[in-house]
Amino acid sequence: VLDNVKILSQQHPPLLIVHGHKDSVVPFSHGKELFSAAVGKKTFVDFPEAEHSDIPIVAQDRFVFAMKD
């Protein structure tokens, strides 16, 4: 079993988590939990209008900016 919280609580490369509020596959709270557990440089970008896999479609500009940043 992959323990993401354990992995992210150790040193890792810079982290970007993007998560849609309407995600019915992975609860939004899980994304926030992983972000809280992560150490080092990290960024969390939430998308209130997005579901699980439509972030690049419903918020293309914000998504691309987050990836570039």
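A charge is taken to sit over an aromatic ring if NZ of Lys or CZ of Arg lies within 6 Å of the ring centre and within 35 degrees of the ring normal. In the predicted model described here, the charged end of K32 meets this description with respect to F44, sitting over the ring at 4.4 Å from its centre. A further arrangement of this kind involves R62, which lies over the face of F47 at 4.5 Å from the ring centre.

The residue F44 also takes part in aromatic packing. Two aromatic pairs are present in the structure. In one of them, the ring centres of F28 and F44 are 5.7 Å apart and the ring planes meet at 80°; the pair is therefore classed as edge-to-face, since planes over 60 degrees apart fall in that class. This pair connects distant parts of the chain, with F28 placed in helix α2 (residues 28-37) and F44 in strand β2 (residues 42-47), 16 residues apart. Together with F35, these two residues make up one aromatic cluster. F44 has a relative accessibility of 16% and so counts as buried, the limit for this class being under 20%.

F65 presents a contrasting environment. Its position is within helix α4 (residues 60-68). With a relative accessibility of 59%, F65 counts as exposed, because the class begins over 50%. Between the C-alpha atoms of F65 and V25 the separation is 24 Å, and the two residues are 40 positions apart along the chain.

At the level of the whole protein, the secondary structure comprises four helices and two strands. Read from the N terminus, the order of these elements is α-β-α-β-α-α. Along the principal axes, the C-alpha atoms occupy a box of roughly 35 × 25 × 15 Å. Among contacts with a sequence separation of 6 or more, 62% are made by residues 24 or more positions apart.

Surface and charge properties were computed for the same model. The chain contains 69 residues, of which 29% count as buried. The protein exposes about 4900 Å², and 57% of this area is supplied by carbon and sulfur atoms. There are 7 positive and 9 negative side chains, and a distance of 7 Å separates the centres of the two sets.

Conventions:
Residues numbered from 1 in each chain as written. Predicted model: local features only at pLDDT ≥ 70, side-chain atom pairs only at ≥ 80, totals over all residues. Heavy atoms only, no water. Buried < 20%, exposed > 50% of the residue type's maximum accessible area, 1.4 Å probe, protein only. Contact = heavy atoms within 4.5 Å. Areas by Shrake-Rupley, 256 points an atom, 1.4 Å probe, with all protein chains shown as cover. Lys, Arg positive; Asp, Glu negative; His and termini not counted. Charge placed at Lys NZ, Arg CZ, Asp CG, Glu CD. Phe/Tyr/Trp six-rings, centres within 6.5 Å; stacked < 30°, edge-to-face > 60°.
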